[in-house]
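Colleague: I am still new to reading models like this one, and I would love a slow, close look at one small part. Could you then show me how that part fits into the rest?

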Amino acid sequence: MRWLNIATAAVLAAAVAYALAPSRGAAISVSPSQARLGPGEGQSFLVGTDLSERAEVSARLADFVPSATGSVRIDPPRRPARSATAWLSLSASRLVIDGGSSGTVGVQARDLGIVAPGDYYSLLLLSMRAPSR
């Protein structure tokens with residue numbers, strides 16, 4: 001069996017440029033924080049913010065490579081051998097979330113075809129900014 005493992009990186013990817021109150025930090029929450037999909041399976045991720053105002057959240061898939069020192073390189077120059085990114089698709093790349101509410105981003109795995117058994121990985125990156133007024 002082949003499995004696609006998806007980790008979410010809301011905090012890692014949220015280099016937040018919050019235009020309404022630049023001195024105040026903002027946070028994105030996502031649940032679940034990781035998922036394991038088989039061929040043809042999907043997973044919905046619930047995305048929220050701690051803002052009382054409307055916010056725009058962008059979602060994208062990325063490859064990553066961990067180093068021996070524990071750091072992670074996102075979008076390395078060469079696709080990792082165990083990358084699942086090419087087999088995944090998003091239901092939305094942009095969400096507009098009203099203050100106090102949440103939205104959903106779905107990740108769907110396509111049929112993998114003929115691929116070596118084992119685990120394959122991808123990262124769901126979420127970033128946030130206040131929409132332009």
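With the side chain of which residue does the side chain of Asp 63 make a polar contact at 2.7 Å?

Modeller: The partner is Thr 85: its side chain and that of Asp 63 make a polar contact at 2.7 Å. A polar contact here is a pair of N or O atoms within 3.5 Å; within protein, one must be able to donate a hydrogen and the other to accept it, and residues adjacent in sequence count only if both atoms are side-chain atoms. Before we go on, please keep in mind that this is a predicted model, where local features need pLDDT of at least 70 and side-chain atom pairs count only at pLDDT 80 or more, while totals for chains, interfaces and linings use all residues. Residues are numbered from 1 along each chain as its sequence is written, and side-chain values use heavy atoms, with hydrogens and water left out.

Let us stay with Asp 63 for a moment. You will find Asp 63 in the loop between S5 and strand S6 (64-66). Helices (H or I, at least four residues) and strands (E, at least two) are DSSP runs, numbered from the N terminus. Asp 63 counts as buried because its relative accessibility is 9%. The cut-offs are these: buried is under 20% relative accessible area, exposed is over 50%, and partly exposed is in between, with a 1.4 Å probe and protein chains only. The side chain of Asp 63 also makes a polar contact with the side chain of Ser 83, at 2.3 Å. Contact in the plain sense means heavy atoms within 4.5 Å. Leaving aside neighbours within four places in sequence, Asp 63 is in contact with several residues, including Arg 73, Ile 74, Asp 75, Pro 76 and Tyr 121.

Now for the other end of the pair. Thr 85 sits in the loop between strand S7 (72-74) and S8. Its relative accessibility is 13%, so Thr 85 counts as buried. With neighbours within four places in sequence set aside, Thr 85 is in contact with Leu 61, Ala 62, Asp 63, Arg 79, Tyr 121 and Ser 122. Arg 79 and Tyr 121 are also among the contacts of Asp 63.

One of the residues that Asp 63 contacts deserves a second glance. Asp 75 lies in the loop between S7 and S8. The phi of Asp 75 is near 55°, a positive value in a residue other than glycine. Asp 75 counts as partly exposed because its relative accessibility is 36%.

Let us step back to see the setting. The protein chain has one helix and 11 strands, and 37% of its 133 residues count as buried. Among contacts between residues at least 6 apart in sequence, 73% join residues at least 24 apart.

S8, which follows the loop of Thr 85, belongs to an open sheet of four strands in the order S2-S4-S10-S8, with antiparallel pairing. Two strands pair if DSSP finds at least two bridges between them. Strand S2 (28-31) and strand S8 (88-90) are the edge strands, each pairing on one side only. Three bridges link S8 to strand S10 (residues 102-109) in the antiparallel sense, and Leu 88 stands opposite Ala 109 in S10. At the other edge, S2 pairs with S4 over four bridges, again antiparallel. There the bridge partner of Ser 29 is Gly 48 in S4. S2 has a covered face, Ile 28 and Val 30, and an uncovered one, Ser 29 and Ser 31. A cis peptide bond, with omega about 0°, joins Ser 31 to Pro 32.

Finally, a look at the nonpolar side. A nonpolar core is a set of buried Ala, Val, Leu, Ile, Met, Phe, Trp, Tyr and Cys residues joined through side-chain atoms within 4.5 Å. The largest one has 25 residues, and among the members touching the most others are Leu 88 and Leu 95. S2, S10 and strand S5 (55-62) are among the elements that give two or more residues to this core. S5 is joined to S9 by four antiparallel bridges, and Glu 56 has Val 96 in S9 as its bridge partner. On S9, Leu 95 and Ile 97 form the covered face, while Arg 94 and Val 96 form the uncovered one. In soluble globular proteins, nonpolar side chains tend to be buried together.
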